[in-house]
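Visitor: Please take me through one part of this model closely. Keep the sentences short, and spell out the cut-offs as you go.

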Amino acid sequence: MNLSELAQYIGDEEKAEQALLELGILKRYTVCPFCGDNRIGRVRRSKFKCYRCNKEWGVRRGSILEGMKIPFTKFLMAIKLFELETSVRESAKQLGLAYNTVYHLNQTLRHAIVIIGTNNQSYSGEIEMDESYFGGRRKGNRGRGAAGKVPVFGILERGGKVTVEVVPDVKWDTLLELAIKKVKRGSLIYTDRFRSYNGLVSYGFKHRRIDHGKRFANGKVYINGIEGFWSFAKERLMKYHGVNPLKFPFYLKELEFRYNHRDTDLFNDLLQVLVGYSLVACTE
Ligand SMILES: [Zn+2]
């Protein structure tokens with residue numbers, strides 16, 4: 001959805017509310033949430049009322065928007081700005097909202113991505129695996145001397161999706177466990193010559209190693225796909241000037257989501273993630 005389509009979609013506050021109701025991000029009550037009676041109606045712009053128990057509730061009740069002080073139009077615009085990778089500071093300025101309001105909304109989106117948006121399907125066919133280090137200033141050796149850096153393991157299905165995960169270390173059993181969990185036996189796995197990838201064959205995988213020195217010389221034996229993801233992620237994380245290590249896994253999953261949805265309408269994909277998240281997070 002481009003900006004002019006978005007303006008049409010959002011319309012005014014009433015139309016935006018309708019859109020959120022239809023999506024299921026706002027909760028539609030057919031009975032009173034207090035007594036269960038179905039004699040309910042709208043009494044004011046943003047209030048519903050039960051004619052049996054006389055209790056009232058707001059349109060945001062039971063939704064992720066409950067407690068968020070943001071008009072529905074701006075809520076949808078903020079998602080668009082998140083899609084466009086606008087900084088919190090700039091989004092707050094463009095929307096006329098407090099920094100913390102936008103920050104909280106963006107964190108909700110990231111949380112929703114982690115819970116709903118990460119793909120759990122198993123991979124098969126031609127797979128690339130690699131590890132990389134994030135954060136820290138020093139260039140360290142693999143596994144040793146990489147203090148202060150966060151090791152991340154990545155699995156990419158060629159022509160498909162990528163999965164990345166923060167790992168405690170890059171020992172062979174750590175990586176192997178994730179490979180077994182994610183990749184179907186019999187798949188062909190490409191890695192570089194790092195010793196932690198020894199033994200993939202004895203667990204039922206086919207395995208080819210690339211030689212970094214002459215990677216372009218041997219046809220299909222390369223790991224350019226997963227290396228492409230590392231540059232994609234690192235380029236974007238530079239903007240944050242160092243992410244809080246506790247929040248890093250959330251940013252990483254956001255980048256995985258962006259990469260896996262690079263060919264689809266990201267705004268719509270984010271809305272769908274929020275729809276799924278609403279079902280899990282709001283259980284009333
Ligand atoms: Zn009632």
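Guide: Start with cysteine 50. Cysteine 50 is buried, because its relative accessible area is 0%. Buried means under 20% relative accessible area, exposed means over 50%, and partly exposed lies in between (1.4 Å probe, protein chains only). Cysteine 53 is partly exposed at 26%.

A word on the source. This is a predicted model, in which local features need pLDDT of at least 70 and side-chain atom pairs count only at pLDDT 80 or more, while totals for chains, interfaces and linings use all residues. Residues are numbered from 1 along each chain as its sequence is written, and side-chain values use heavy atoms, with hydrogens and water left out.

Both cysteines serve the zinc ion. Its protein donors are the SG atoms of Cys32, Cys35, Cys50 and Cys53, and they lie 2.3 Å from the metal. Donors here are N, O and S atoms within 2.8 Å of the metal (3.2 Å for Na, K and Ca); water is not among the atoms, so sites may look incomplete. Along the chain, the donor spacing reads C-x2-C-x14-C-x2-C.

Now the geometry. The four donor atoms subtend angles of 105 to 118° around the zinc ion, so the arrangement is tetrahedral. Four donors earn that word if all angles lie between 85 and 135 degrees; four count as square planar and six as octahedral if opposite donors are over 155 degrees apart and all others between 65 and 115; anything else is irregular. The ideal angle for four tetrahedral donors is 109.5 degrees.

Next along the chain from Cys53 comes asparagine 54. Asparagine 54 lies in the loop between strand E2 (47-50) and E3. Helices (H or I, at least four residues) and strands (E, at least two) are DSSP runs, numbered from the N terminus. The phi of asparagine 54 is near 65°, a positive value in a residue other than glycine. Most residues other than glycine have a negative phi.

Turn to the rings. The structure holds eleven aromatic pairs. One of them joins tyrosine 29 and tryptophan 57, edge-to-face, at 5.9 Å centre to centre and 70° between the planes. Rings of Phe, Tyr and Trp (its six-membered ring) pair if their centres lie within 6.5 Å; planes under 30 degrees apart are stacked, over 60 edge-to-face, and the rest tilted. Tyrosine 29 sits in the loop between helix H2 (13-23) and strand E1 (40-44), and tryptophan 57 in strand E3 (residues 56-58), so the pair ties together parts that are 28 residues apart in sequence.

Tryptophan 57 has a second partner. Phenylalanine 48 and tryptophan 57 form a stacked pair, 6.1 Å centre to centre with 20° between the planes. How accessible are these three rings? Tryptophan 57 is buried, at 3%. Tyrosine 29 counts as buried too, at 17% relative accessibility. Phenylalanine 48 counts as partly exposed, at 23%.

One last stop is serine 278, in helix H9 (residues 266-281). Serine 278 is buried, with a relative accessible area of 6%. Leaving aside neighbours within four places in sequence, serine 278 is in contact (heavy atoms within 4.5 Å) with Gly24, Ile25 and Ile64.
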